[in-house]
Amino acid sequence: MSRHEPATHDLIQIRPKDLAGKFPNQPFATRHALSGHALMTLPALADLARGLPRDQVEYSAGDLAPNQRPEDVRMIDLSPDEVVRRIETANAWMVLKRVETDPAYGALVRDALLSVARQRGFASLEEAGFHDIQGFIFVSSANAVTPFHFDAEENFFVQIHGDKFFHIFDNADRALVSEEELEISPAKHRNLAYRDEFEARGEVFAMKEGDGMFVPYLWPHWVRTGSSWSISMAITWKSPQVSRNNTLLTANAMLRSMGYPQPAPGARPVLDAVKVAGLRTARAVVQPLRRSERMRRAIRGLVFGRKANYYYNDKAA
Ligand SMILES: [Fe+2]
């Protein structure tokens with residue numbers, strides 16, 4: 001395996017010293033060639049927003065706080081494609097989830113990660129350990145805030161239009177986000193409690209069009225847009241280790257909600273293996289049912305309670 005310098009045709013461009021010294025344990029700045037791509041314009045994204053299943057689109061008012069109480073988030077009375085078309089004045093925040101389910105966007109996110117795989121010296125996504133590749137596109141008005149949260153995957157974040165300030169924090173000592181908060185459940189809103197004194201422990205990546213960054217697994221962050229509307233994309237994947245750890249974090253959340261709090265992943269390896277096998281078996285049973293949006297919504301509600309569908313704007317939720 002030999003790393004090489006990024007080329008201008010690489011969709012994501014990384015300094016070899018960051019790949020060697022920081023990936024995948026530390027955040028670092030990158031460049032990219034995705035701004036101006038035909039799929040990343042507002043008209044294309046309005047079409048995408050209109051066509052995605054409704055549980056893959058989440059939006060609200062944009063003027064939120066890093067320490068945002070989910071119950072106080074104001075909804076916006078526009079359809080998904082109207083939000084995109086009016087983003088300049090809508091004071092809105094929107095995420096289009098799992099955009100790789102659209103074939104054209106799927107090809108784009110895989111191409112972007114393939115450019116990273118090649119710079120790492122691998123010939124394919126599989127060789128590089130890039131599994132379960134997903135894309136999330138953020139369309140936001142000026143001065144919109146994404147409250148403090150973590151993501152259970154690794155991610156190359158690309159800034160397509162406008163400015164973005166990405167405040168990111170190491171959580172190795174669990175001083176900012178507790179073991180319980182790190183457990184994964186669709187019934188928990190992703191927003192985490194944030195206190196002003198956290199800020200001194202973080203690092204801010206200021207990104208303009210053409211800039212990007214690497215976001216490590218489980219590193220909490222909050223994000224704000226600058227004085228113009230913004231388009232960004234998170235290109236995510238899960239290595240086998242990350243998938244296994246996520247299964248454990250999900251099992252631990254379920255067992256905690258039943259009154260059995262669990263040791264953190266890694267503390268009891270044999271118990272971990274039992275829980276991973278159990279949850280994977282249960283998932284194999286449910287997975288074929290999850291193809292329709294109605295069934296996904298029903299399963300989330302049945303297993304995790306009404307709150308698990310919190311991100312729907314419409315009355316049917
Ligand atoms: Fe995030």
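Student: What is the order of the strands in the open sheet of 8 strands?

Tutor: Happy to start there, and keep in mind that this is a predicted model. The pairing in this sheet is antiparallel. At its edges stand β1 (12-13) and β3 (57-61), each of which pairs on one side only. Reading across, the order is β1-β2-β10-β7-β12-β5-β4-β3.

Student: Thanks! In β4, which residue is the bridge partner of V57?

Tutor: Let's follow the edge strand β3 to its neighbour. β3 pairs with strand β4 (residues 92-96) in the antiparallel sense, over 5 bridges. Within β4, the bridge partner of V57 is L96.

Student: How many bridges pair β5 with β12?

Tutor: β12 has antiparallel partners to look at here. It is joined to β7 by 7 bridges, and in that pair V158 has M233 of β12 as its bridge partner. On the β5 side, H131 stands opposite K238 in β12. The antiparallel pairing of β5 and β12 runs over 8 bridges.

Student: Why is β12 described as largely enclosed by the rest of the structure?

Tutor: A good way in is to look at both faces. In a regular strand the side chains alternate between the two faces of the sheet. Here S230, S232, A234, T236 and K238 point one way from β12, while I231, M233, I235 and W237 point the other way, and all are buried. β12 is therefore largely enclosed, since the buried residues number 9 of the 9.

Student: At about what angle does α4 run to β5?

Tutor: α4 lies across β1, β5 (131-140), β7 (154-161) and β12 (230-238). Its direction relative to β5 is about 110 degrees.

Student: Which residues touch the most other members of the largest nonpolar core?

Tutor: This core has 65 residues, and helix α4 (residues 103-119) gives the most to it, with 7 residues. For a look at one member's surroundings, M94 touches Y59, V83, V84, F138, V139 and S140, leaving aside residues up to four places away in sequence. The residues touching the most other core members are M94, A112 and I137.

Student: Now the open sheet of 4 strands: which strands stand at the edges?

Tutor: The strands here follow the order β6-β11-β8-β9, with antiparallel pairing. Each edge strand has a single partner strand, so one side of each is left without a neighbour in the sheet. The edges are β6 (145-149) and β9 (202-207).

Student: And in β11, what is the bridge partner of T146?

Tutor: β6 and strand β11 (residues 221-225) run antiparallel and are joined by 3 bridges. In β11, T146 has as its bridge partner V223.

Student: How far apart are the centres of domain 1 and domain 2?

Tutor: The chain is divided into domain 1 (12-239) and domain 2 (242-309). Where they meet, 18 residues of domain 1 are in contact with 17 residues of domain 2. The domain 1 side comprises 7 nonpolar, 2 polar and 9 charged residues. Taken over C-alpha atoms, the centres are separated by 24 Å.

Student: Last one: is Y312 buried or exposed, or something in between?

Tutor: Y312 is found in the segment after α8 (293-304). Its C-alpha atom is 12 Å from that of R74, although the two are 238 residues apart along the chain. Buried calls for 20 or more other C-beta atoms within 10 Å and exposed for 12 or fewer. Y312 has 14, so it counts as partly exposed.

Key
Residues are numbered from 1 along each chain as its sequence is written. This is a predicted model: local features need pLDDT of at least 70, side-chain atom pairs count only at pLDDT 80 or more; totals for chains, interfaces and linings use all residues. Two strands pair if DSSP finds at least two bridges between them. Helices (H or I, at least four residues) and strands (E, at least two) are DSSP runs, numbered from the N terminus. Domain bounds come from an automatic or database domain assignment. Two residues are in contact if their C-beta atoms, placed from the backbone, lie within 7 Å. Ala, Val, Leu, Ile, Met, Phe, Trp, Tyr, Cys and Pro count as nonpolar, Asp, Glu, Lys and Arg as charged, and the others, Gly among them, as polar. A nonpolar core is a set of buried Ala, Val, Leu, Ile, Met, Phe, Trp, Tyr and Cys residues joined through C-beta atoms within 7 Å. Axes are lines fitted to C-alpha atoms, for helices over the stretch in contact, and angles run from 0 to 180 degrees between N-to-C directions.
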